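Trainee: I am new to this structure and would like a close look at one part of it. Could you take me through the salt bridges, with the places where their partners sit?

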Amino acid sequence: MGLLSRISSIFNRGDGDAFSVPAMDGVLKPNTLLDSAEHLLDVSQIDNLVCLNGQLYCSSANALLLIDPGLKQSQPVLSFDGPITAIAASADRTLAIAIEGVGVALMTAGTAVYRLLDLPGDQIACVTAALFEDDDTILLTLGSALHAMSDWKRDLMGHGTTGSVVRHRVSTGATEVIRNGLAFPYGMAFAQDGKVLVSESWRYRIVSISSQASLLAELPAYPARLSPASDGGHWLALFAPRRQLTELVLREDDYRTEMMATIPPDAWIGPDFSDGGNDEQPLQSGSVRQMGVMKPWAPSRSYGLVVRLDSTMVPVASYHSRADGRIHGIASVVELNGFLYIASRGAGALLRLDLGSGASV
């Protein structure tokens, strides 16, 4: 079936059902809680958030920043020769910082001295998340074996399934692959029973690495990083919505291949961290502005979504910034002292929600 036939079938409700995406319904019913969250700081290219000894750190492109939520200020800690793609904290006050094309640096909090882990050269370009098993062992998710983290759109449009999870022993330098064949693993956390959970973005699900079981499937958006919640559950950041138009492009091999070969990635039809809103942005089906207005229900290329999961990985609450909102591209959230801190890549901002004020649904 050609491209036009497929588009026609969608609007005729025929085979187009094959392109359907899950509705945001029930506990995922849209709201505007992210738009009404406290705007703490403007941080250009903000991404990773991590807590260490009650202190909050974030990444901003190639810089590591220490956040003072009380004063609403950030302080540069260290900068690297590439963008930071993941951060993790250990119990012994060590930070692991993944730098695209450089490696994974270990540094003790409060210092500006670091050393690089002895990782294979093919494991330093696309580290998407990190997690300490103990002070000497760190797990890393590698989103793709073919593309760098900054080239994630090419991995999605290339039907990437070369992601993996590796275990690295700091003291010996030994690295072992414990799971491969993943479709862009983007987040990682421990379950209550100690098993390792991974968010697999291009398959819209959360999986257990040991049992390979899918614990949460058919999410309506692309999952990113996981972090622990104070009630024993988890917080899940989802960085962009799924859409019928993207599903269609992913199935049209000729169109997709030509698009990748002839058009810059920023202009591809597909998900993104922010809308952009410039005149060169490709038409995005129903998200085309009418009279200069984006409708909140439009199937936009970007969205803001955070989901709270209970200890059994069942969604119990959600926080949204809809198509007409600004707090899009959420790839990392952490809970600290009763507040939820949210990094919005699309808005270039650090947000804060008071979890004790009833900011839940």
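Mentor: Here is a walk through the salt bridges, followed by a short visit to two other residues.

Please keep in mind that this model is predicted. The structure holds 16 salt bridges, and we can look at some of them in turn. As background, side chains of opposite charge can pair when their charged atoms come close.

Let's begin with R203 and E200, whose side chains form a salt bridge with an N to O distance of 2.5 Å. R203 is partly exposed, at 32% relative accessibility, while E200 is buried, with a relative accessible area of 0%.

Next come R242 and E218, joined by a salt bridge of 3.3 Å from N to O. R242 sits in the loop between β19 and α3 (244-251), and E218 in the loop between β17 (214-216) and β18 (221-228), so this pair ties together parts that are 24 residues apart in sequence. R242 counts as buried at 7% relative accessibility, whereas E218 is partly exposed at 46%.

Helix α4 (residues 253-262) gives us another pair: R256 and D253 are 3 residues apart in this helix, which means that about one helical turn separates them. Their side chains meet in a salt bridge of 2.5 Å, N to O. R256 is buried, with 8% relative accessibility, and D253 is partly exposed, with a relative accessible area of 42%.

Salt bridges can also be seen here as a network, which links E38, K72 and R352.

Now for another charged residue, D47, which you will find in strand β2 (residues 46-52). D47 is buried, at 5% relative accessibility. Its side chain has a polar contact of 3.4 Å with the side chain of N48, and a polar contact of 3.4 Å also joins the side chains of D47 and R345. Setting aside neighbours within four places in sequence, the residues in contact with D47 include S59, I84, R225 and A343.

Finally, let's return to β19, the strand (residues 234-241) where L238 has its place. L238 is buried, with a relative accessible area of 1%. Beyond residues up to four places away in sequence, L238 touches several others, among them L219, Y222, P223, L305 and I330. V307 is also one of the residues that L238 touches; the two are 69 residues apart along the chain, and their C-alpha atoms are separated by 7.8 Å.

Key:
Residues numbered from 1 in each chain as written. Predicted model: local features only at pLDDT ≥ 70, side-chain atom pairs only at ≥ 80, totals over all residues. Heavy atoms only, no water. Helix = DSSP H or I, 4+ residues; strand = E, 2+ residues; numbered from the N terminus. Buried < 20%, exposed > 50% of the residue type's maximum accessible area, 1.4 Å probe, protein only. Contact = heavy atoms within 4.5 Å. Polar contact = N/O pair within 3.5 Å; in protein donor to acceptor, adjacent residues only side chain to side chain. Salt bridge = Lys/Arg side-chain N within 4 Å of Asp/Glu carboxyl O.
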